[in-house]
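Me: I'd like to walk through this fold with you, starting with the sheet and then moving to the helices. Can you take me through it?
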Amino acid sequence: MGWNPYNAFNSSFNDTLIRQHVDIIVNQSYLAAGYRYINLDDGWQASERTKDNKLSFNSSKNGLLFGIYSDAGIQTCGGLPGSLDYEDIDVQTFVDWDIDYLKYDNCNEQRRPEQERYKKMGDALNSATAGKNKTIYYNICEWGTSNPWLWGPGVGHSWRTTPDIIAFWPSIISIIDSQVRLTEYGGPERGWNDPDMLVLGFERIPYDEQVTHYAFWAALKAPLILGCDLRKVDDKIKALILNDDIISVNQDPLGLSICQVYYKTDNDISFDIWTGPLDDGYVAILFNRGIESKSITLDFKNHCCLDGTIEVYDLVNQRSNGIYANNYTAVDIPKHGVEFIKLIGGNNIDDDRPCLNYS
């Protein structure tokens with residue numbers, strides 16, 4: 001969990017802007033909520049390496065965890081020096097700077113295979129931190145082009161599954177759809193699917209769509225990296241971002257992603273249901289894809305493999321919706337909206353999850 005300037009500022013950030021956001025994160029409850037990483041993206045580097053082939057940068061962590069960006073090519077996407085064939089030199093520089101997180105992009109790759117390039121950087125990170133009380137979180141940002149969910153475990157800590165997100169609904173829904181077949185590949189024993197940064201806090205996205213976006217990223221167990229201008233976030237969106245019930249789903253120690261368990265599309269009616277186990281319950285997203293409000297029923301047995309009486313807790317509004325048996329109906333979910341709920345109690349009746357099979 002952290003913040004990255006790219007979605008809001010691209011490469012046009014400077015020391016003053018970063019320090020302003022550090023102050024906001026530390027002093028306005030973001031750090032307390034778990035947003036610990038400050039990750040600089042493409043644009044922090046000088047335009048050329050130093051005489052001894054090192055990248056040049058000056059840093060101050062201000063008590064936070066500090067992330068940085070490089071590229072598995074000869075140049076970054078913005079045309080600055082990349083780390084291809086400089087892996088050992090650059091990793092030692094990152095260790096000297098006490099870097100905690102590396103986002104490693106995929107531009108200007110000289111047509112060399114992804115697995116070769118990303119493993120080389122992973123090996124360099126492991127070698128440079130061996131025997132030290134230090135881990136550099138390694139985000140494989142190769143956009144899902146070579147199925148990194150298959151080879152990423154053991155190489156990095158998370159892997160991008162998609163191209164860059166854009167702050168509008170078609171991009172969000174496209175990414176959600178792309179995760180349907182990937183949910184089994186993320187978890188605490190493997191690493192994490194990364195559907196890209198959050199686009200919360202962008203005014204052009206309606207509130208209900210922002211709730212849907214956040215609910216899915218949280219329940220998919222995706223890394224939660226904010227990318228908006230935190231100076232402009234209104235109180236309603238800030239409360240959503242800092243919602244500790246939503247964050248607790250993302251940080252649940254069981255670490256299992258939701259999966260799609262029901263899907264229906266019929267003329268103007270289009271909705272689906274996603275569910276997954278938590279360490280202390282079950283989580284469900286009832287998702288209205290359509291353009292009119294829709295009521296959706298969650299069947300505890302068929303969609304969650306649960307029976308008995310169950311408390312339904314509204315994670316967004318942070319309140320109990322009551323005790324139910326057999327099923328629960330969410331009424332009038334708005335267009336592109338969700339009912340994001342936690343199920344408490346009941347009995348598990350099958351260890352096999354009811355995920356739809358798309359193989």
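Me: What is the strand order in the open sheet of eight strands?

Reply: Quick heads-up: this is a predicted model, where local features need pLDDT of at least 70, side-chain atom pairs count only at pLDDT 80 or more, and totals for chains, interfaces and linings use all residues. Residues are numbered from 1 along each chain as its sequence is written, and side-chain values use heavy atoms, leaving out hydrogens and water. Strands (DSSP E runs of at least two residues) and helices (H or I, at least four) are numbered from the N terminus, and two strands pair if DSSP finds at least two bridges between them. Pairing here is parallel, and the order reads E7-E6-E5-E4-E3-E2-E1-E8.

Me: Which strands are the edge strands?

Reply: Look for strands that pair on one side only. Those are E7 (192–194) and E8 (225–226).

Me: In E7, which residue is the bridge partner of Trp-159?

Reply: E6 (residues 158–160) runs parallel to E7, with three bridges between them. Trp-159's bridge partner in E7 is Asn-193.

Me: How do H4 and H5 pack: roughly parallel, roughly antiparallel, roughly perpendicular or oblique?

Reply: The axes (lines fitted to C-alpha atoms over the stretch in contact, with angles from 0 to 180 degrees between N-to-C directions) of H4 (residues 87–96) and H5 sit 9 Å apart, at about 45 degrees. Under 35 degrees counts as roughly parallel, over 145 as roughly antiparallel, 65 to 115 as roughly perpendicular, and the rest as oblique. So H4 against H5 is oblique.
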